[in-house]
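Q: Hi! Please walk me through this one at an easy pace.

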Amino acid sequence: MKKVIISLFFIMACTLSAQEGYWTNYHVVVEPRNQEMLYKLMDDYFKDNPQEGVTVTLWENHFNDHGNNFAHSISFSGSLDALGNMYANDGGAAWSLFLVKINQHIKAGYGSRMGTRKSHMGDLEQDFPVQKYFIVHA
């Protein structure tokens, strides 16, 4: 019986850690007149160059304050292996051209963050999920 309980706990731990998600956010300041173009450039590039196992999201920040004074976040999320493969691939000329194009529409870079999603509530596959982040300065 003891072996069965220990085996169940081991299986649960493996299942829970397998669902752990990793993410990287790049925060940028974008003038309102450039928002549509930034979206179009990102949409066109990532439709033509999908990143296997990685979700790319453009977030708009509605709550600016002295600690979060950026307009948009470009986010990459997925498994550790998928993000690692994305960052290991240099993207070639298409990636370089994409960076030049979006940099023309970004007023300033603000910062970046990375982390791990330990848990979530609700369906993350819906069109417009509402998410709450806790930023810990450690």
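A: Happy to, and one term will help from the start: a residue is buried when its relative accessible area is under 20%, exposed when over 50%, and partly exposed in between (1.4 Å probe, protein chains only). This is a predicted model, so local features need pLDDT of at least 70 and side-chain atom pairs count only at pLDDT 80 or more, while totals for chains, interfaces and linings use all residues. Residues are numbered from 1 along each chain as its sequence is written, and side-chain values use heavy atoms, leaving out hydrogens and water.

Q: Good. Is Gly78 buried or exposed?
A: Gly78 is buried, because its relative accessible area is 17%. You'll find Gly78 in strand 3.

Q: What does Gly78 touch?
A: Setting aside residues up to four places away in sequence, Gly78 touches Gly21, Tyr22, Gly53 and Leu83; contact means heavy atoms within 4.5 Å. The C-alpha atoms of Gly78 and Val54 are separated by 4.7 Å, although these two are 24 residues apart along the chain.

Q: Let me zoom out. How many helices and strands does the chain have?
A: There are four helices and four strands. These are DSSP runs numbered from the N terminus (helices: H or I, at least four residues; strands: E, at least two). Along the sequence they follow the pattern α-β-α-β-β-α-α-β.

Q: And how much of the chain is buried?
A: Buried residues make up 24% of the 138 residues. The accessible surface comes to about 10600 Å², and 58% of that belongs to carbon and sulfur atoms (Shrake-Rupley method, 1.4 Å probe).

Q: What about long-range contacts, those 24 or more positions apart?
A: They account for 73% of the chain's contacts with a separation of 6 or more.

Q: Which residues of helix 3 are buried?
A: In helix 3 (residues 80–88) they are Ala82, Leu83 and Met86. They sit on the same side of helix 3, because they cover an arc of only 95° around the axis, taking the directions from the helix axis to the C-beta atoms.

Q: What covers them, and what is on the other face?
A: The cover includes strand 1 (21–29), strand 2 (54–60) and strand 3 (72–78). The face turned away from the buried side carries the exposed residues Leu80, Asp81, Asn85 and Ala88.

Q: Switching topic: at what angle do helix 2 and helix 4 cross?
A: The axes of helix 2 (residues 35–48) and helix 4 (residues 92–103) cross at roughly 170° and come within 10 Å. That makes helix 2 roughly antiparallel to helix 4, a label for angles over 145 degrees.

Q: Which residues meet there?
A: Leu38, Leu41, Met42, Tyr45 and Phe46 from helix 2 meet Ala94, Trp95, Phe98, Lys101 and Ile102 from helix 4. By class, the contact has nine nonpolar residues, no polar and one charged (nonpolar: Ala, Val, Leu, Ile, Met, Phe, Trp, Tyr, Cys and Pro; charged: Asp, Glu, Lys and Arg; polar: the others, Gly among them).

Q: Where does Ile106 sit?
A: Ile106 is in the loop between helix 4 and strand 4 (108–117). With 15% relative accessibility, Ile106 counts as buried. Leaving out residues up to four places away in sequence, Ile106 touches Val28, Val29, Val30 and Leu38. The C-alpha atoms of Ile106 and Val30 are 4.9 Å from each other, with their positions 76 residues apart along the chain.

Q: And in strand 4 itself, what does Gly115 touch?
A: Beyond residues up to four places away in sequence, Gly115 touches Gly21, Tyr22 and Trp23. Gly115 counts as buried, because its relative accessibility is 17%. The C-alpha atoms of Gly115 and Thr24, 91 residues apart along the chain, are separated by 6.6 Å.

Q: Last one: how exposed is Tyr110?
A: Tyr110, which is in strand 4, is partly exposed, with a relative accessible area of 35%. Again not counting residues up to four places away in sequence, Tyr110 touches His27, Val28, His66, Gly67, Asn68, Asn69 and Phe70.

Note on methods. Axes are lines fitted to C-alpha atoms, for helices over the stretch in contact, and angles run from 0 to 180 degrees between N-to-C directions. Angles under 35 degrees count as roughly parallel, over 145 as roughly antiparallel, 65 to 115 as roughly perpendicular and the rest as oblique.
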